[in-house]
Amino acid sequence: MASAPQLPLFYNGLEPLSSEVHANYKVKPSDTAPFLVNQHAIPVTVEEFPLIQRHMPIVFSSGEDAIPIALMGLNEGVNVFISEEGRLIDETIYVPAYIRRYPYMLARLRPDADELSLCFDPSSPTIGAFDEGDALFTDGQPSELTQNILKFNENFEQAAARTGQFMKEIKELDLLMEGEVTIQQDGIEQPFVYRGFQMIDEKKLSELRGDQMRKISQSGMLPLLYAHLFSLALMREIFARQVKLGKMPQPQLNA
(Lines give C-alpha, C1' and ligand atoms only; values in the text may rest on other atoms or scores of the structure.)
Protein backbone atom coordinates (compact mmCIF):
# COMPACT_ATOMS: atom_id res chain seq x y z
CA MET A 1 0.00 0.00 0.00
CA ALA A 2 2.72 2.44 0.93
CA SER A 3 6.48 2.60 0.95
CA ALA A 4 9.02 5.20 2.01
CA PRO A 5 9.97 7.42 -0.93
CA GLN A 6 13.59 7.18 -2.08
CA LEU A 7 13.43 10.63 -3.67
CA PRO A 8 11.32 13.57 -2.51
CA LEU A 9 7.71 12.93 -3.42
CA PHE A 10 6.23 15.58 -5.79
CA TYR A 11 9.62 17.06 -6.74
CA ASN A 12 10.87 16.87 -10.35
CA GLY A 13 14.07 18.72 -9.52
CA LEU A 14 15.70 20.94 -6.91
CA GLU A 15 17.40 24.28 -7.46
CA PRO A 16 18.93 26.39 -4.66
CA LEU A 17 17.17 29.73 -4.25
CA SER A 18 19.63 32.52 -5.03
CA SER A 19 19.32 36.30 -4.60
CA GLU A 20 21.44 36.69 -7.73
CA VAL A 21 19.96 34.09 -10.09
CA HIS A 22 16.37 34.56 -8.90
CA ALA A 23 16.40 38.26 -8.07
CA ASN A 24 13.25 38.92 -10.11
CA TYR A 25 11.39 35.72 -9.22
CA LYS A 26 7.90 35.94 -7.81
CA VAL A 27 5.34 33.57 -6.38
CA LYS A 28 1.85 33.28 -7.81
CA PRO A 29 -0.90 32.11 -5.47
CA SER A 30 -2.66 28.95 -6.59
CA ASP A 31 -5.87 27.28 -5.45
CA THR A 32 -5.01 23.97 -7.11
CA ALA A 33 -2.43 21.27 -6.44
CA PRO A 34 -2.26 19.12 -9.58
CA PHE A 35 0.76 17.26 -8.17
CA LEU A 36 -1.60 15.70 -5.59
CA VAL A 37 -4.20 14.29 -7.96
CA ASN A 38 -2.70 10.80 -8.27
CA GLN A 39 -0.95 10.61 -4.89
CA HIS A 40 -2.53 8.33 -2.31
CA ALA A 41 0.13 8.27 0.45
CA ILE A 42 1.73 11.36 2.02
CA PRO A 43 4.60 11.41 4.56
CA VAL A 44 3.62 13.07 7.85
CA THR A 45 5.28 14.03 11.12
CA VAL A 46 4.22 12.68 14.51
CA GLU A 47 3.14 16.13 15.69
CA GLU A 48 0.42 16.05 13.03
CA PHE A 49 -1.12 12.76 14.22
CA PRO A 50 -3.82 14.36 16.43
CA LEU A 51 -5.05 16.52 13.52
CA ILE A 52 -4.70 13.95 10.74
CA GLN A 53 -6.37 11.06 12.60
CA ARG A 54 -9.74 12.79 12.32
CA HIS A 55 -9.62 12.73 8.51
CA MET A 56 -7.19 10.08 7.20
CA PRO A 57 -5.78 6.72 8.24
CA ILE A 58 -2.19 6.91 9.50
CA VAL A 59 -0.02 3.89 8.75
CA PHE A 60 3.70 3.17 8.57
CA SER A 61 5.53 2.39 5.35
CA SER A 62 6.87 -1.11 4.78
CA GLY A 63 10.53 -1.97 5.16
CA GLU A 64 13.23 -1.26 7.71
CA ASP A 65 13.28 2.53 7.38
CA ALA A 66 9.57 2.97 8.05
CA ILE A 67 8.00 6.42 8.11
CA PRO A 68 4.47 7.50 9.10
CA ILE A 69 2.15 8.08 6.16
CA ALA A 70 -1.35 9.52 5.81
CA LEU A 71 -3.55 7.72 3.30
CA MET A 72 -5.58 9.96 0.99
CA GLY A 73 -6.67 6.85 -0.91
CA LEU A 74 -6.29 3.09 -0.52
CA ASN A 75 -5.10 2.37 -4.05
CA GLU A 76 -2.21 3.67 -6.14
CA GLY A 77 -3.27 6.69 -8.18
CA VAL A 78 -6.41 7.39 -6.13
CA ASN A 79 -6.83 10.48 -3.94
CA VAL A 80 -10.37 10.85 -2.61
CA PHE A 81 -9.76 14.34 -1.22
CA ILE A 82 -8.61 16.00 -4.46
CA SER A 83 -10.65 16.73 -7.60
CA GLU A 84 -9.35 15.97 -11.09
CA GLU A 85 -8.40 19.67 -11.31
CA GLY A 86 -6.33 19.45 -8.16
CA ARG A 87 -8.75 21.22 -5.80
CA LEU A 88 -9.62 20.09 -2.30
CA ILE A 89 -13.03 18.39 -2.35
CA ASP A 90 -13.41 19.06 1.37
CA GLU A 91 -11.71 22.25 2.54
CA THR A 92 -12.22 21.38 6.21
CA ILE A 93 -9.63 18.59 6.19
CA TYR A 94 -6.16 19.04 7.60
CA VAL A 95 -3.53 19.30 4.85
CA PRO A 96 -0.23 17.66 5.88
CA ALA A 97 2.82 19.94 6.15
CA TYR A 98 4.68 17.86 3.55
CA ILE A 99 2.13 19.06 0.99
CA ARG A 100 2.13 22.66 2.18
CA ARG A 101 5.90 23.07 1.92
CA TYR A 102 5.95 22.22 -1.80
CA PRO A 103 7.61 23.47 -4.05
CA TYR A 104 10.27 24.35 -1.45
CA MET A 105 12.48 22.23 0.77
CA LEU A 106 15.76 22.41 2.65
CA ALA A 107 18.48 20.26 1.10
CA ARG A 108 22.23 19.72 1.18
CA LEU A 109 23.82 21.05 -1.99
CA ARG A 110 26.69 18.54 -1.56
CA PRO A 111 26.72 15.21 0.29
CA ASP A 112 29.50 16.48 2.57
CA ALA A 113 27.82 19.82 3.32
CA ASP A 114 26.74 20.50 6.89
CA GLU A 115 24.28 23.28 6.12
CA LEU A 116 20.92 22.93 4.45
CA SER A 117 19.99 25.38 1.69
CA LEU A 118 16.51 26.55 0.74
CA CYS A 119 15.70 25.00 -2.63
CA PHE A 120 12.66 24.88 -4.90
CA ASP A 121 11.29 22.70 -7.67
CA PRO A 122 11.89 24.68 -10.90
CA SER A 123 9.08 22.77 -12.64
CA SER A 124 6.47 24.30 -10.32
CA PRO A 125 4.17 26.75 -12.14
CA THR A 126 3.83 28.87 -8.97
CA ILE A 127 7.35 30.29 -8.94
CA GLY A 128 9.20 32.13 -11.72
CA ALA A 129 10.08 35.46 -13.37
CA PHE A 130 6.47 36.65 -13.46
CA ASP A 131 5.21 40.20 -13.96
CA GLU A 132 2.78 39.76 -11.08
CA GLY A 133 3.03 37.98 -7.77
CA ASP A 134 4.84 38.24 -4.44
CA ALA A 135 8.57 38.95 -4.72
CA LEU A 136 11.05 36.49 -3.22
CA PHE A 137 13.76 39.16 -2.96
CA THR A 138 13.70 42.90 -2.29
CA ASP A 139 16.85 44.94 -2.94
CA GLY A 140 18.88 41.75 -3.01
CA GLN A 141 17.59 40.55 0.35
CA PRO A 142 15.05 37.81 1.13
CA SER A 143 11.55 39.25 1.30
CA GLU A 144 9.23 38.64 4.24
CA LEU A 145 7.62 35.90 2.16
CA THR A 146 10.96 34.14 1.66
CA GLN A 147 11.79 34.47 5.36
CA ASN A 148 8.44 32.86 6.22
CA ILE A 149 9.05 30.06 3.70
CA LEU A 150 12.48 29.42 5.23
CA LYS A 151 11.04 29.37 8.75
CA PHE A 152 8.31 26.92 7.75
CA ASN A 153 10.88 24.60 6.17
CA GLU A 154 13.15 24.83 9.22
CA ASN A 155 10.22 23.90 11.45
CA PHE A 156 9.39 21.00 9.13
CA GLU A 157 12.96 19.66 9.31
CA GLN A 158 12.87 19.85 13.11
CA ALA A 159 9.56 17.98 13.16
CA ALA A 160 11.00 15.39 10.77
CA ALA A 161 13.95 14.87 13.12
CA ARG A 162 11.57 14.32 16.05
CA THR A 163 9.62 11.89 13.89
CA GLY A 164 12.81 9.98 13.16
CA GLN A 165 13.46 9.67 16.90
CA PHE A 166 9.86 8.52 17.42
CA MET A 167 10.31 5.79 14.80
CA LYS A 168 13.62 4.74 16.39
CA GLU A 169 11.91 4.26 19.76
CA ILE A 170 9.04 2.29 18.19
CA LYS A 171 11.57 0.00 16.53
CA GLU A 172 13.50 -0.49 19.78
CA LEU A 173 10.25 -1.51 21.48
CA ASP A 174 9.46 -3.85 18.57
CA LEU A 175 5.93 -2.47 18.28
CA LEU A 176 5.50 -2.58 14.48
CA MET A 177 3.71 -5.42 12.74
CA GLU A 178 2.65 -6.08 9.16
CA GLY A 179 -0.78 -4.59 8.58
CA GLU A 180 -3.76 -6.06 6.79
CA VAL A 181 -7.27 -4.71 6.29
CA THR A 182 -10.09 -6.74 4.76
CA ILE A 183 -13.15 -4.90 3.49
CA GLN A 184 -16.27 -6.76 2.39
CA GLN A 185 -18.43 -4.79 -0.02
CA ASP A 186 -22.13 -5.57 -0.35
CA GLY A 187 -22.91 -7.54 -3.51
CA ILE A 188 -19.31 -8.64 -4.11
CA GLU A 189 -18.33 -12.11 -2.92
CA GLN A 190 -14.57 -11.60 -2.82
CA PRO A 191 -13.37 -9.19 -0.12
CA PHE A 192 -10.86 -6.43 -0.82
CA VAL A 193 -7.61 -7.07 1.04
CA TYR A 194 -5.05 -4.33 1.65
CA ARG A 195 -1.50 -5.11 2.72
CA GLY A 196 1.94 -3.60 2.20
CA PHE A 197 1.97 -1.33 5.24
CA GLN A 198 2.85 -1.56 8.92
CA MET A 199 0.89 -0.71 12.04
CA ILE A 200 1.31 -0.78 15.81
CA ASP A 201 0.79 -4.19 17.38
CA GLU A 202 -1.83 -3.50 20.06
CA LYS A 203 -1.07 -6.77 21.86
CA LYS A 204 2.62 -5.90 22.23
CA LEU A 205 1.72 -2.36 23.27
CA SER A 206 -0.54 -3.65 26.05
CA GLU A 207 2.16 -6.08 27.21
CA LEU A 208 4.94 -3.49 27.64
CA ARG A 209 6.68 -3.53 31.00
CA GLY A 210 5.63 -0.90 33.52
CA ASP A 211 8.82 1.13 33.10
CA GLN A 212 8.47 1.07 29.30
CA MET A 213 4.84 2.16 29.46
CA ARG A 214 5.69 4.97 31.88
CA LYS A 215 8.45 6.16 29.56
CA ILE A 216 6.28 6.38 26.44
CA SER A 217 3.44 7.90 28.46
CA GLN A 218 5.65 10.61 29.98
CA SER A 219 7.34 11.35 26.64
CA GLY A 220 3.98 11.90 24.91
CA MET A 221 4.34 8.89 22.63
CA LEU A 222 1.38 6.95 23.97
CA PRO A 223 -1.42 9.27 22.76
CA LEU A 224 0.28 9.46 19.35
CA LEU A 225 0.29 5.68 19.08
CA TYR A 226 -3.41 5.58 19.90
CA ALA A 227 -4.11 8.39 17.41
CA HIS A 228 -2.62 6.08 14.77
CA LEU A 229 -4.66 3.09 15.97
CA PHE A 230 -7.92 5.06 16.11
CA SER A 231 -7.32 6.44 12.60
CA LEU A 232 -7.30 2.93 11.10
CA ALA A 233 -11.09 2.87 11.38
CA LEU A 234 -11.12 5.47 8.58
CA MET A 235 -9.90 2.85 6.09
CA ARG A 236 -13.48 1.84 5.42
CA GLU A 237 -14.54 5.47 5.02
CA ILE A 238 -11.81 6.05 2.44
CA PHE A 239 -12.92 2.86 0.68
CA ALA A 240 -16.52 4.11 0.62
CA ARG A 241 -15.37 7.43 -0.85
CA GLN A 242 -13.55 5.58 -3.61
CA VAL A 243 -16.69 3.61 -4.44
CA LYS A 244 -18.79 6.80 -4.43
CA LEU A 245 -16.32 8.52 -6.77
CA GLY A 246 -16.40 5.55 -9.14
CA LYS A 247 -12.77 4.71 -8.40
CA MET A 248 -13.29 1.06 -7.64
CA PRO A 249 -10.21 -0.62 -6.17
CA GLN A 250 -8.79 -3.88 -7.37
CA PRO A 251 -9.74 -6.94 -5.28
CA GLN A 252 -6.26 -7.01 -3.74
CA LEU A 253 -3.39 -4.52 -3.51
CA ASN A 254 0.21 -5.14 -2.61
CA ALA A 255 2.62 -2.23 -2.58
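**Charged pairs, nonpolar cores and strand pairing in a predicted model**

E47 has a relative accessible area of 41% and therefore counts as partly exposed. The model in which this residue is described is a predicted one. The side chain of E47 is engaged in a salt bridge with R162, with a separation of 2.3 Å between the closest N and O atoms. E47 is located in the loop between β3 (41-43) and α1 (49-52), whereas R162 belongs to helix α3 (residues 144-172), so the pair ties together parts that are 115 residues apart in sequence. R162, at 42% relative accessible area, is likewise classed as partly exposed.

In the whole structure, ten salt bridges were found. Among them is the pair formed by E207 and K203, with an N to O distance of 2.7 Å. E207 is exposed, its relative accessible area being 52%, and K203 is exposed at 56%. A further salt bridge links the side chains of D211 and R209, at 3.1 Å from N to O. D211 has a relative accessible area of 40% and is partly exposed.

The protein chain contains seven helices and 16 strands. Its C-alpha trace extends over about 60 × 50 × 30 Å along the principal axes. The radius of gyration is 20 Å, which agrees with the value near 18 Å for a compact globule of 255 residues. Of the 255 residues in the protein chain, 45% are buried. Among contacts in the protein chain with a separation of 6 or more, 72% are between residues 24 or more positions apart. The area exposed by the protein chain is about 13800 Å², of which 50% is supplied by carbon and sulfur atoms.

The largest nonpolar core comprises 59 residues, and the members that touch the most others are F10, F49, F166, I170 and L205. The greatest contribution to this core comes from helix α6 (residues 221-231), which provides six residues. A second core, separate from the largest, has ten residues, including F120, I127, L136 and I149.

Helix α6 is largely enclosed by the rest of the structure, because eight of its eleven residues are buried. The buried positions of α6 are M221, L222, L224, L225, A227, H228, L229 and S231. Several residues of the helix are also contact partners of L205: when neighbours within four places in sequence are set aside, L205 is in contact with L222, L225, Y226 and L229, as well as with L175, I200, M213 and I216.

Strand β4 (residues 58-61) is paired with two other strands. With strand β5 (residues 68-71), β4 runs antiparallel and is joined by three bridges. Within this pairing, V59 is opposite I69 of β5. The two strands form a hairpin with six residues between them, and G63 in the turn adopts a positive phi of about 100°. Strand β15 (residues 197-200) is also antiparallel to β4, to which two bridges join it. The bridge partner of F60 in β15 is Q198.

Notes. Residues numbered from 1 in each chain as written. Predicted model: local features only at pLDDT ≥ 70, side-chain atom pairs only at ≥ 80, totals over all residues. Heavy atoms only, no water. Core = buried A, V, L, I, M, F, W, Y, C linked by side-chain atoms within 4.5 Å. Buried < 20%, exposed > 50% of the residue type's maximum accessible area, 1.4 Å probe, protein only. Helix = DSSP H or I, 4+ residues; strand = E, 2+ residues; numbered from the N terminus. Contact = heavy atoms within 4.5 Å. Salt bridge = Lys/Arg side-chain N within 4 Å of Asp/Glu carboxyl O. Rg over C-alpha atoms; globule rule 2.2 N^0.38 Å. Areas by Shrake-Rupley, 256 points an atom, 1.4 Å probe, with all protein chains shown as cover. Pairing = 2+ DSSP bridges.
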